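Trainee: I am new to this structure. Please take me closely through the part around the ligand, and then connect that part to the rest of the chain.

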Amino acid sequence: MSSTKDRLDVGSKVTLPQDVDIRGHVTIGTGTVVHPKAAILALSGPITIGASCIIEENVTIINRSPSPLVIGSHNLFEVGSHIEARSIGDHNTFEVKSRVSSQVAIGSFTTISAGCAATAAGTRGYTQEELGDLLGDDDEEAEAGLKVGARAMKRTPSGATETILEEGEEGEAGEGGGEAVTAPSAAPVVTLPDYTVFTGSVGVWSGQGRLQEEALHAKHLDYLRQAMSPLASQLPSWSKLDQLSKSNKVVLRDAFAKDSKRFDTYSRHFQGDRNKDISVLLDFSKNLIDEEIWATLLSLAKEAKVEEQRDAMFNGEQVNASEGRSVLHVALRDLDDDFKGKDKVEGVDEVIPELKHIRDFSEAVRNGQWTGYTGKPIKSIVNIGIGGSDLGPAMVCEALKPYAKRDLDAHFVSNIDGTHMAEALRVCDPESTVFIVASKTFTTQETITNATTARDWFLEHAKDKKHVAKHFVALSTNVKAATEFGIAKENMFKFWDWVGGRYSLWSAIGLSIAIVIGYERFEEMLRGANEMDRHYASTPLDQNIPVILGLINLYYNNFLGAQTHAILPYDQYMHRFADYFQQGDMESNGKFITKSGERVQYQTGPIIWGQAGTNGQHAFYQLIHQGTKLIPCDFLAPIETQNPIRGGEHHRILLSNYFAQPEALAFGKTEEQVREETTSKEDLDNSFLIKSKVFDGNKPTNSILFQKLTPGTLGALIAMYEHKIATEGFIWGINSFDQFGVELGKVLAKKILPLLSADAAKVDAEKHDGSTSGLIKHYLANANKKTSS
Ligand SMILES: O=P(O)(O)OC[C@H]1O[C@@H](O)[C@H](O)[C@@H](O)[C@@H]1O
C-alpha cells in the first residue's frame, strides 16, 4: 500500500524502540519518545512529528493522503489513540483510545478525551464501511469506534455543529454555527480551534494551568527517557558484536604484519589546549579489534546514546536517578565556567568561594601562620576518612610527592582497625598536628570512631576543649553532624550532594592535597582534569579517549569473557593509582539493575587491580602471559621522570620494560622460535621444556604514554578514567553514581556489634545463620584469652 519509500529521519535524543512499526517517510523531532508497539505509517504522503512528543503503546498515526501530515511539538498521544488528522499543532493531548479522522485539523492546546472520536461528521452514526474508511481499522475496532463516535456526538449539548467548522472558517472557541458534515468521504477539512476540550460535549479550556501542564509533560518525558532505555543487549550493534566476536578472530601478529599503519589508525594523542604540558598518547592498536569491530563498537556507543547521557551529566540533570541527584564533579574543576548547564544546580555557585577557603587555610598551615594551641607551627596532618574520603587524597599525595612540602608529614587513617590510628598517633605531636575529618555523610562508623579517638588523644594532652578548634577541621556535606562533633564553623569545608564520594577529591575532600602540594598545584590538577572534561564533552566518539577506553574494555568484558582489568603504571609515584580506581570503577559499575529497573542480561563492571611496574612483573605477570585467563591491561608511563638518577638510566630501564611487556603480551613466542633459540640437544628433546617456553601472545593491552606526572597531567589522567567508567555505565544502562551495594554489610555489622559484648545465649536469640552464629560464639569463647607471645 505504501507509495512512499521507507525513510526515517530521527533527531537527537529520540527514544525509538525496535518494535515500533514505521513505514514510509517519517521524520521524528528532537527528544520525542515513542513507546513499543506504536505504529507510524506514512502510507502515502510523509509524516513529520515535532519535538518532545510522547507516543504511547499501541498508538497509530497514519497518513493516507499524498500531502504531508505535519504534527507539531509537545503533543501527547496516549495508549491506543488512533490519529489520521490532517494536521496537528502543539501541546495537544489525545487521551486513551481517542480518535481523529483525516478530515480534522487540530490546532494547539486541544484535548481529545478518552474514547472520543473527533471526526468531520455530524451526529448521525456511520455505517461500518464508512468508519472503516475513516479510521482504517479492522472490523472489531471500527465497531468500537462507531459506538464511541456516536456517543461522543450525542453528548454534544447543542449538536455537532458547535465543534465542527468548515474549512477556512475561523474557529471561535465555544461558538456555534457551521454545518455538520454528513459523509466522511465528501467531508471537507474542519479545524478544531485552540484550547478545545473535546469530551463529546464541547468545552473550551480557559488556558489556566497551561504552564503546569507543560511542566508535567516535560517531567513525563524525562521519566520515559530514563525508563525506556533498552537493555544494551537489545541494541542492534550488540548482536553484531556478539557475532563478530565469534567470527572475526583477530590475531595481532597477522594484523600488524598486514597493516603497516595499524599504530596510526589505532592511536590518539591528547594535548591540553590551555596547559600544553599535558600530553597523553593512547596506543590501542594492540587490541583484538579490526575495522569492523571498531566501527560497531562506535555504533554501539551511538545507539546507547552515550553522547546524550554525557551531555545530561554535564548539564546538571539528575543522572543519579536512584538518589535524585545531579552528578557534577566536573563543576568542581570548571574554573573558567566552560559548562553553563551546571549553574542551575544548587550549590554550584559556592564552588569558587569554597576553593578560596581551601586556599586560605592550606596556605596558613603551610606558611606557619596557623599554629597549634601552644603556638607551634603544624608539622603533621592526619586525614581521617575512608573510601572516597581517603583513597583519592592518599593516591594524589603519593602521586604528586615531588611537589610536596617535605617538612610536613601527611598521614591517612581509614581503617577502623585501631592499629591504623595507633600507628599514626605514635609519630604525631598533639601540639603540631591538624586532624582533617573527611566524610561526605559524617556518619560513617569508621571515620567517626577514628575521629573520636583522635579527639580523645588530643584532649588528653591539650586538656581544654577550646583547643579543638586549632586542631580539627571537617570536610563534609553534613554541616549539622560536623557541628555536633565540635568542629568550629570556620573550620568546616563543605561540598554538595552532587559530588559522589569516589569523585570527591576535587572538592573540599582534597584539602589534604592542597596542604601537601600547595593550593596552586591543587588548582593546576583541577584545571588538568577540566582539560580532559572538555575533550570528553566535545570530541567525536572515535577520537574521544575516555570513550575509546570504555569501548575497548567493554568488548573484552562483554564479548570475550574477560573478568578483570589490570592498571599497571610504570611510575612508582602512581603506586596507589589502581587502588583508587578499584573504588572508582567497581563501586560505580558493579551493578546488576538497569536504570529502568530491569536485571541486566550481561556482564557489567570488571574487577580492577594492578600495581606499579616493574614490581608486578616479578609477581603476577606470569599468569597474564601464560595463564588461562584473558586479562586486558593498561600500561601507563611518563616520558620524563621526576628523578633522573644515574643520568636517567633507571628510567630508561623502567621504560624498556614498559615497552617490552605489551610487545611480549601481543606477539608472544612460537614453539618454532623457541626451538630456533635453543642450542642444547638435550633441551630440544625435552618437549615439556620447549612447550613451557611458548607464549601464545594475542594478549590485549593499551599503552598510555604521558609526558610527565605533573599535577595537570595527573588531573587529566584521573578524569580520563572517570569518564571511561561513566561511558561504560551509560552503555550498560546502569546508574554508575549510587552505591547501595555497600549498605547491607554496614547494617548487619551494627546488629552484630552488641553481640560481641554479650553471651552465647544472646547470639542464639538473635537468629543469625548457623555459620555467623558459630563464628561469633567461637569469638566469644576465646575473646578473653591472652596469648603470651
Ligand atoms: O565520605 P563518607 O560519607 O564517610 O563515605 C565514605 C565511603 O563510604 C562508603 O560506604 C561508600 O561506599 C563510599 O562511596 C564512600 O566514599
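Mentor: A polar side-chain atom of Thr444 lies 2.5 Å from an oxygen atom of the ligand. The model is a predicted one. Lys440 also contributes a contact, here through the backbone: one of its polar backbone atoms is 2.7 Å from a ligand oxygen. For Gln583, an N or O atom of the side chain is 3.5 Å from an oxygen atom of the ligand. Taken alone, the ligand would expose 390 Å², and the protein buries 89% of that area.

The shell around the ligand consists of 14 residues, and the closest are Ser389, Ser439, Thr441, Thr444 and Glu587. Sorted by class, that shell has nine polar residues, three charged residues and two nonpolar residues.

Next come the salt bridges, beginning with one that involves two loops. Lys376 forms a salt bridge with Glu431, and the closest N and O atoms of this pair are 3.6 Å apart. Lys376 sits in the loop between α9 (351–366) and β23 (380–384), while Glu431 sits in the loop between α11 (418–426) and β25 (433–438), so the bridge ties together parts that are 55 residues apart in sequence. Lys376 counts as partly exposed because its relative accessibility is 35%. Glu431 has a relative accessibility of 23%, so this residue counts as partly exposed too.

Helix α11, which comes just before in the description of that loop, also holds Met421. Met421 has a relative accessible area of 2% and is therefore buried, the cut-off for buried being under 20%. His411 is ten residues from Met421 along the chain, and the C-alpha atoms of the two are separated by 9.5 Å.

A second salt bridge lies within one helix. Arg527 pairs with Glu523, with 3.0 Å between the closest N and O atoms. Both residues belong to helix α16 (residues 519–538), and because they are four residues apart there, about one helical turn separates them. Arg527 is partly exposed at 32% relative accessibility, whereas Glu523 is buried at 15%.

A third salt bridge joins Glu671 to Lys691, the closest N and O atoms being 3.3 Å apart. This pair links distant parts of the chain: Glu671 is in helix α21 (residues 671–677) and Lys691 is in helix α23 (residues 687–692), 20 residues apart. Glu671 is partly exposed at 29% relative accessibility, and Lys691 is partly exposed with a relative accessible area of 49%. Some salt bridges share partners, and in this way Asp273, Arg274, Asp336, Asp338, Glu523, Arg527, Glu531 and Arg534 are joined into one network. Over the whole structure, the search finds 47 salt bridges.

The remaining topic is a sheet. Six strands form an open sheet with parallel pairing, in the order β2-β5-β8-β11-β14-β17. Its edge strands are β2 (21–23) and β17 (117–118), each of which pairs on one side only. Strands of a sheet pair through backbone hydrogen bonds, either parallel or antiparallel.

Strand β8 (residues 60–63) can be followed to each of its partners. With strand β5 (residues 39–42), β8 runs parallel, and four bridges join the two. One residue pair in this arrangement is Leu41 with its bridge partner Ile62 in β8. With strand β11 (residues 82–83), β8 pairs in the parallel sense over two bridges. Here the bridge partner of Ile61 is Ile83 in β11.

In a regular strand the side chains alternate between the two faces of the sheet. In β8, Thr60 and Ile62 are on one side and Ile61 and Asn63 are on the other. These four residues are all buried, and both faces of the strand are covered.

Technical notes:
Residues numbered from 1 in each chain as written. Predicted model: local features only at pLDDT ≥ 70, side-chain atom pairs only at ≥ 80, totals over all residues. Heavy atoms only, no water. Salt bridge = Lys/Arg side-chain N within 4 Å of Asp/Glu carboxyl O. Buried < 20%, exposed > 50% of the residue type's maximum accessible area, 1.4 Å probe, protein only. Pairing = 2+ DSSP bridges. Near = heavy atom within 4 Å. Polar contact = N/O pair within 3.5 Å; in protein donor to acceptor, adjacent residues only side chain to side chain. Areas by Shrake-Rupley, 256 points an atom, 1.4 Å probe, with all protein chains shown as cover. Nonpolar A, V, L, I, M, F, W, Y, C, P; charged D, E, K, R; others polar.
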